[in-house]
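Open your viewer, switch to a cartoon view and keep the selection box handy. We will take this tour one stop at a time.

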Amino acid sequence: MKKRSAKLKKKFKLTQMLTLLLCSTTAMAQTIPLTKLLGQFDEKKDDNFISLDSTVLEVNKKGMYLQKEATQQLIKAYHDFRKSYPNIPFIVVSATRNYMYQNSIWQRKWNALLPKLSDPQKIAKEILQYSSMPGTSRHHWGTDIDITSVSSEYFQYDPKGIILYKWLQENMPKYGFCQAFNEGRKGGYQPEEWHWSYKPIASQYIAEYKAILEHYPNTITQVLDFIGHDKIELEKLVKEYVLTVNNDCY
Ligand SMILES: [Zn+2]
């Protein structure tokens, strides 16, 4: 009798553990849907997003969207910068880019490099210096923006760029932003002075992305169907480029 109850107890414990595990996995999966992590949605039809055209922010093109909370904080940063530097450009040049959009960039660059580089892995690495594989861009999340210029030279040599970058580094953290692609990382994208990320939301996205890559990488890789995906070391590249970001952004 004693033996049987011990066995029952053990069985009960195991069921409890399994339930817990299942619940935590389900809870994790429900926090941010995979479609949102991979940018496979239409930000224009999403209630959490707002059109930057309806705000005071300066933009270089119409039709860009961002998550509402990130937008509110960016507006505060913009106002503060304007107070100190009324004549230095602070312009949003990129915001949310969904999978379809990123796919068109990837496809164009892939086709342009194909005649020059025959090795698919080399083509991917070349594009990945500055552009993401569709499904792996932080711009999918609605938390990340590019400011004023996407050229490092601008921030390093142009007097206006130097002032802007210094201000961004000193002040953006106050509004919740971190520089995802800073100097000194081992791997991933080249440094990007212009790319800033709204951490309170983006850190949740990367945590979830990381957890999936660690436990069920196929969930992600099998959805990525861009040109060349089957000819490159996809899982390895996804891990390197999504996860190698500034520690301040985790
Ligand atoms: Zn960017």
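**Stop one: helix α8**

Begin by measuring a helix: the 17 residues of α8 should span 24 Å at 1.5 Å a residue, and the C-alpha atoms at its ends are 24 Å apart, which agrees. Keep in mind, as you click around, that this is a predicted model.

To find α8, select residues 199-215. This helix lies across β4, β5 and β6, and it runs at about 85° to β6. Now show the side chains of Lys 199, Ala 202, Tyr 205, Ile 206 and Tyr 209, which are buried in α8. Look down the helix axis: the buried residues of α8 fall within an arc of 125°, so they line one face of the helix. The general rule behind such patterns is that an α-helix has 3.6 residues a turn, so residues three or four places apart point the same way.

What do the buried residues of α8 pack against? Their partners are α2 (34-37), the strands β4, β5 and β6, and α10 (234-243). Turn to the other side of α8 and you will meet Pro 200, Glu 214 and His 215, which are exposed.

**Stop two: the sheet**

Next, colour the strands. Four of them form an open sheet in the order β3-β4-β6-β5, with antiparallel pairing. At the edges are β3 (92-94) and β5 (177-179), each of which pairs on one side only. From one strand to the next, the twist averages 45°.

Zoom in on β4 (residues 144-147) and β6 (residues 195-198), antiparallel strands joined by three bridges. Click on Asp 144, and then on Ser 197, its bridge partner in β6. Ser 197 also has Cys 178 standing opposite. Between β5 and β6, too, the pairing is antiparallel and runs over three bridges.

Stay with β6 and show its side chains. Which residues point one way, and which the other way? His 195 and Ser 197 point one way from β6, while Trp 196 and Tyr 198 point the other way; all are buried. In a regular strand, side chains alternate between the two faces of the sheet.

**Stop three: helix α4**

Now select residues 99-113, which make up helix α4. Its 15 residues reach 21 Å from the first C-alpha to the last, close to the 21 Å expected at 1.5 Å a residue. Highlight Tyr 99, Gln 102 and Trp 106, which are buried in α4. They cover an arc of only 65° around the axis, which puts them on the same side of α4. The buried residues of this helix pack against α5 (120-127). Rotate to the other side of α4 to see Met 100, Asn 111 and Ala 112, which are exposed.

**Last stop: Gly 228**

Finish in the loop between α9 (217-221) and α10, where you will find Gly 228. Is this residue buried, exposed or in between? Gly 228 has 19 C-beta neighbours inside 10 Å, so it counts as partly exposed; a buried residue would need 20 or more.

Leaving aside residues up to four places away in sequence, Gly 228 touches Trp 110, Pro 120, Ile 123 and Ala 124. Select Gln 121 as well: Gly 228 and Gln 121 are 107 residues apart along the chain, and their C-alpha atoms are separated by 8.7 Å.

Conventions:
Residues are numbered from 1 along each chain as its sequence is written. This is a predicted model: local features need pLDDT of at least 70, side-chain atom pairs count only at pLDDT 80 or more; totals for chains, interfaces and linings use all residues. Two strands pair if DSSP finds at least two bridges between them. Helices (H or I, at least four residues) and strands (E, at least two) are DSSP runs, numbered from the N terminus. Axes are lines fitted to C-alpha atoms, for helices over the stretch in contact, and angles run from 0 to 180 degrees between N-to-C directions. Two residues are in contact if their C-beta atoms, placed from the backbone, lie within 7 Å. The expected span of a helix is 1.5 Å times one less than its number of residues. A residue is buried if 20 or more other C-beta atoms lie within 10 Å of its own, exposed if 12 or fewer, and partly exposed in between; C-beta atoms are placed from the backbone. The arc is that of the directions from the helix axis to the C-beta atoms.
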